[in-house]
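Colleague: I should like to learn how to read contacts that involve aromatic rings. May we begin with a charge placed over a ring?

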Amino acid sequence: MSSISYHDAVNDALERLEDLGYERGAGVDLANHGPMGAEAVAVLGHGDEVAHWTRRYRRALDHHEPPAARFALDPADEASWRPALGDFGRAGDWERLFARELDDAPWRDVLARWWPRLLPGLFAGLTHGLIRTAHAVRGLDAAGDTATRLQRDELGRGLAYWAARYHALPGDPALRGPHAVPGAVAALPRVPLDGPRGPAVARDRLDALDRLPGYTESLGQLAPYPAARLLSDMTLQFADVYLGHPEVFPVPLVHGVTAPAAARLVLPHLPRELYEPTLARLWQVQSAFLLAFTADRGDEGTTAWRAEADELPPLHELGARTVEHGDEHVIKFTEACLREYALRPDPRYPAAAYAAQCRIPRLADGGGAGAVAGAAAR
């Protein structure tokens with residue numbers, strides 16, 4: 001058991017990481033995972049390791065400078081802020097906007113006001129706008145009246161990154177179809193590769209989603225089941241997808257689990273009328289993941305993963321192993337899988353977490369470089 005509380009560990013990490021910009025890497029812009037990874041380490045019960053992990057993380061890749069604010073955005077004037085959506089050069093302006101918003105209103109009110117405005121751009125930074133926001137929300141919710149300026153600022157930065165990297169996928173998804181998640185995934189045709197796979201192929205497919213067979217139809221395939229069921233179906237299906245594609249670079253597909261798991265953290269703080277559009281956008285993102293990163297169904301829906309998981313450690317060891325492993329994607333993915341497993345005990349969750357620990361390089365062994373090599377998606 002950690003001798004450092006979750007609250008203290010998270011705030012210490014936020015202070016240590018406060019000077020970092022939104023992205024990192026030379027020549028490739030990767031999301032800053034520091035606050036998300038540190039918070040997940042604390043959730044896993046390893047608060048004593050958070051400070052050490054943040055030091056390892058900072059050494060892995062150089063981060064960009066924090067953005068400077070240039071021109072004020074008026075949150076009350078749509079003509080002021082809407083043209084700045086998706087303009088990363090305005091990241092500092094977005095950060096200043098959300099700092100003012102959070103100074104003037106309770107964080108839940110700010111979240112509810114901006115969620116429907118940002119939701120169509122959910123793909124922002126390969127869903128890291130959503131995910132960073134969700135980790136910040138969990139910290140604020142846990143802190144209650146003891147929430148700190150650092151925690152409020154972190155929520156503002158999560159929302160600012162989402163706004164600055166806002167990426168609207170083509171089409172208008174809605175929960176109006178006949179299928180549960182497994183059926184909707186089975187109904188989506190995959191596009192075979194004409195040559196070797198690689199980052200350029202994924203980028204080209206993302207740029208041409210509405211021209212790929214099955215994509216437009218997929219946006220109306222999912223049935224309107226209750227939010228809790230759909231979120232579990234989404235995370236379990238994509239744990240299965242992850243297990244079924246050892247041939248795919250192992251980072252992008254983790255977000256098929258971590259994005260809906262992140263939404264689960266936020267939905268209780270939002271009006272219920274936002275649940276269904278959120279679930280529809282999540283399904284749109286998952287359809288995009290499948291079409292961009294897979295060329296066939298691979299071993300999805302089979303038990304082939306059991307051979308890979310023969311050495312799966314006991315559940316109580318998975319969290320400790322992921323902290324030792326150190327890669328930020330592995331940490332966030334393992335935490336999400338264990339949290340989802342607690343709600344729906346299916347062995348594919350821990351098996352997927354273990355597979356990620358085996359497939360993704362350790363942080364100390366060049367995990368940062370591996371992440372750069374696989375930055376296929378934006």
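Modeller: Certainly; please bear in mind that this is a predicted model. The charged end of Arg117 is placed over the ring of Trp114, at 4.4 Å from the ring centre. In a second case, the charged end of Arg229 sits over the ring of Tyr225, 3.8 Å from its centre.

Colleague: To which aromatic cluster does Trp114 belong?

Modeller: Trp114 forms one aromatic cluster together with Trp81, Trp94 and Phe98.

Colleague: How many aromatic pairs does the structure hold?

Modeller: There are 11 aromatic pairs. To read one, consider the angle between the ring planes: over 60 degrees counts as edge-to-face. The planes of Phe88 and Tyr161 stand at 85 degrees, with the ring centres 6.3 Å apart, so this pair is edge-to-face.

Colleague: Which parts does the pair of Phe88 and Tyr161 tie together?

Modeller: Phe88 lies in the loop between helix 4 (78-81) and helix 5 (91-104), whereas Tyr161 belongs to helix 8 (residues 149-164), so the pair ties together parts 73 residues apart in sequence. Phe88 counts as partly exposed, at 26% relative accessibility, while Tyr161 counts as buried, at 2%.

Colleague: Why is the pair of Phe123 and Phe289 called tilted?

Modeller: Planes that are neither under 30 degrees apart nor over 60 count as tilted. The planes of Phe123 and Phe289 are at 45 degrees, with the ring centres 5.7 Å apart, so the pair falls in that class. Phe123 is in the loop between helix 6 (107-118) and helix 7 (124-143) and Phe289 is in helix 14 (residues 275-293), so parts 166 residues apart in sequence are tied together.

Colleague: Are Phe123 and Phe289 buried or exposed?

Modeller: Phe123 is buried, with a relative accessible area of 2%, and Phe289 is buried, with 1%.

Key. Residues numbered from 1 in each chain as written. Predicted model: local features only at pLDDT ≥ 70, side-chain atom pairs only at ≥ 80, totals over all residues. Heavy atoms only, no water. Phe/Tyr/Trp six-rings, centres within 6.5 Å; stacked < 30°, edge-to-face > 60°. Helix = DSSP H or I, 4+ residues; strand = E, 2+ residues; numbered from the N terminus. Buried < 20%, exposed > 50% of the residue type's maximum accessible area, 1.4 Å probe, protein only. Lys NZ or Arg CZ within 6 Å of the ring centre and 35° of its normal.
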